[in-house]
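Colleague: I am new to this structure and would be grateful for a close look at one part of it. Please describe the second largest pocket, together with whatever surrounds it.

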Amino acid sequence: MAIVDTSRRLQVRYILQDIESFEGAGTVPSYPTARPEATLEFLQAARQTMQDMQQKETELLTKAKAAADKARQAEWEFHNAVMAMKEAVRGHFGSDSDEAQAVGYKKKSEHKRPRRRAA
């Protein structure tokens with residue numbers, strides 16, 4: 001028997017086939033089984049558990065996406081506030097001030113002057 005990798009998700013088509021098979025087994029008169037994991041009661045419980053966990057996953061993914069959207073929005077709001085603060089400092093103290101350098105700008109006097117190219 002081949003090794004089954006249970007760390008990956010089953011494809012939807014396999015799950016749909018399994019549901020069809022389960023529903024079909026309910027129509028088989030006097031379904032015989034000696035395996036406890038193959039009884040209709042166990043199959044029904046397993047299906048219900050699967051559906052409950054899928055619903056819970058969907059709810060959590062929705063919450064995670066909403067939290068990610070809120071975090072992204074907060075990041076942009078913070079970034080825009082910092083940019084406004086930096087512009088205010090540079091506007092108030094000037095481009096060549098120590099205060100402008102303290103908030104992340106390079107002093108205007110520290111920029112290299114462009115050199116002419118030799119013709």
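Modeller: Helices are DSSP runs (H or I, at least four residues), numbered from the N terminus. The model is predicted, with local features requiring pLDDT of at least 70 and side-chain atom pairs 80 or more, while totals for chains, interfaces and linings use all residues. Residues are numbered from 1 along each chain, and side-chain values use heavy atoms, without hydrogens or water.

A pocket is an open set of points on a 1 Å grid over the protein atoms alone, admitting a 1.4 Å probe, with protein on both sides within 12 Å along at least five of seven lines; lining residues have an atom within 4 Å of a point. The second largest pocket is lined by D18, I19, F22, E37, F42, L43, A46, R47 and M50. Two or more of these residues come from each of α1 and α2. The greatest contribution is that of α2, with five residues. By class, the lining has six nonpolar residues, three charged ones and no polar ones; here Asp, Glu, Lys and Arg are charged, Ala, Val, Leu, Ile, Met, Phe, Trp, Tyr, Cys and Pro nonpolar, and the others polar. The charged members are thus D18, E37 and R47.

The two helices also meet directly. The axes of α1 and α2 come within 11 Å and cross at roughly 145 degrees (lines fitted to C-alpha atoms over the stretch in contact, with angles from 0 to 180 degrees between N-to-C directions). In this contact (heavy atoms within 4.5 Å), α1 supplies I15, I19, F22, E23 and A25, and α2 supplies L40, L43, Q44, R47, M50 and Q54. Seven of the contact residues are nonpolar, two polar and two charged. Among them, I19, F22, L43, R47 and M50 also line the second largest pocket.

M50 leads onward, as this residue lines the largest pocket as well. The other residues lining the largest pocket are V4, D5, T6, R8, R9, L10, V12, I15 and Q54. Again α1 (12-25) and α2 (40-93) each supply at least two residues. The lining of the largest pocket has five nonpolar, two polar and three charged residues.
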